[in-house]
Amino acid sequence: MLHLVHHPLYVSPGPIGGQFPWDKYGLLLDALEETGAAMTLHRPEPMPREWLEAVHDPAYVAEVFELRVPPEKARRIGFPVSERVAARARHTPGGTWLAAKLALAHGFAANGAGGSHHALSETGAGYCVFNDLALAANRLAAEGDARRILIVDCDVHQGDGTAALLAGRPEIATYSIHAEKNFPARKARSTLDVGLADGTGDEAYLEAFASSLPPLVDRFRPDLILYQAGVDPHFDDKLGRLALTDAGLVARDRFVAREAKRAGAPLASVLGGGYGPDRMAVARRHAATILALHDAMAGGAQLLENAAAGPM
């Protein structure tokens, strides 16, 4: 049984003419239902304010809560913070935390949103308001749910906010494999960064992955992995600069799951980036990632057989 965290607020309407694909979060459910995959939906609560303020500057948290994010920060985020966007920004980290708790109980769970890895202490950035990965990891560690948490970020953009917010935390490690010349222009320093050249395809990507992630897993010995599973490394992605195929993304995801199983660590995934005019195609890539992860963690083949039979 696939455990998926979802909330109606994930599909918050964006401003007219905006670039952010708000609708893909609802289409994800349609894409999963196409496959016939058996799943249980879990609705998250908003992340409590005290946990938001444990990672983000309380003054910035207040700006979001009180709908007074200044124009310069709204421009950096990429859209204005309305009442519904603010509510979504609180529920998304609650969803990532819940997915991790479910993973600890079931081995794998997915948040149907999240991956807001550009948000910093005092501001959001790059379509990210609050950093759900850093928030969930901090709370899980503080409450004793996990002793050593590894964040594996495979979005095409470096997880700069996550790296900056969690720097110096011995119980949390950050790994980012990304297009070196893509956003952000100024990179942060993760525990381990793997920057790739534009146009990197399946074979070179997987070779770089296989030579870099396992040594970190062996050295750090995580007991929980949070996976930023962005599908924007796809060759057809509007904001990507890499060239992975559908098969390459699935191979990437199965590799992450194998590393989690090898470490004996539960795995929780978040959606991450994925952009393009065909929103359903993007949603199906996200669905394929979730099914590949679930299948690899469960060790069965039925989910991928169902996915192959659907209109992917």
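This is a short tour of a predicted model, stop by stop.

Residue numbers start from 1 along each chain as its sequence is written. Because the model is predicted, local features need pLDDT of at least 70 and side-chain atom pairs count only at pLDDT 80 or more, while totals for chains, interfaces and linings use all residues; side-chain values use heavy atoms, with hydrogens and water left out.

**Stop 1: helix 1 and helix 10**

Select residues 24-35 (helix 1) and 279-298 (helix 10). Helices here are DSSP runs of H or I with at least four residues, strands are runs of E with at least two, and both are numbered from the N terminus. The two helices pack at an angle of about 60°, with axes 8 Å apart. Axes are lines fitted to C-alpha atoms, for helices over the stretch in contact; angles run from 0 to 180 degrees between N-to-C directions. Helix 1 and helix 10 are therefore oblique to each other. The classes: under 35 degrees is roughly parallel, over 145 roughly antiparallel, 65 to 115 roughly perpendicular, and the rest oblique. The crossing of helix 1 and helix 10 is right-handed, meaning that the near helix is turned clockwise from the far one by less than a right angle.

Now show the side chains. Helix 1 contributes residues including Leu27, Leu28 and Ala31, and helix 10 residues including Val282, Ala283 and Ile290. Contact means heavy atoms within 4.5 Å. By class, this contact holds 10 nonpolar, 2 polar and 5 charged residues. Ala, Val, Leu, Ile, Met, Phe, Trp, Tyr, Cys and Pro count as nonpolar, Asp, Glu, Lys and Arg as charged, and the others, Gly among them, as polar.

**Stop 2: helix 9 against helix 10**

Keep helix 10 and add helix 9, residues 246-263. Their axes come within 8 Å and cross at roughly 35°. This crossing is right-handed. Leu249, Val250 and Ala257 are among the helix 9 residues that meet helix 10, where the partners include Thr289, Ala292 and Leu293. The contact of helix 9 with helix 10 has 8 nonpolar, 1 polar and 7 charged residues.

**Stop 3: helix 6**

Select residues 132-142. Here 10 of the 11 residues are buried, so helix 6 is largely enclosed by the rest of the structure. Buried means under 20% relative accessible area, exposed over 50%, and partly exposed in between (1.4 Å probe, protein chains only). Asp132, Asn138 and Arg139 are among the buried residues. At the helix start, a side-chain oxygen of asparagine 131 reaches to within 3.3 Å of the backbone nitrogen of leucine 133. Just after the helix, glycine 144 takes a positive phi of about 80°.

**Stop 4: backbone oddities**

Most residues other than glycine have a negative phi, and most peptide bonds are trans. Go to tyrosine 127, whose phi is positive, about 70°. Tyrosine 127 sits in the loop between strand 3 and helix 6. Arginine 221 also has a positive phi, near 55°. Arginine 221 is in the loop between helix 8 and strand 7, and is exposed at 57% relative accessible area. Then pick phenylalanine 183 and proline 184: a cis peptide bond joins them, with omega about -5°. Proline 184 lies in the loop between strand 5 and strand 6.

**Stop 5: leucine 244**

Finish in the loop between strand 7 and helix 9, at leucine 244. Leucine 244 is buried, at 0% relative accessibility. Beyond four places in sequence, its contacts include Tyr205, Pro233 and Phe235.

How values were computed. Polar contact = N/O pair within 3.5 Å; in protein donor to acceptor, adjacent residues only side chain to side chain.
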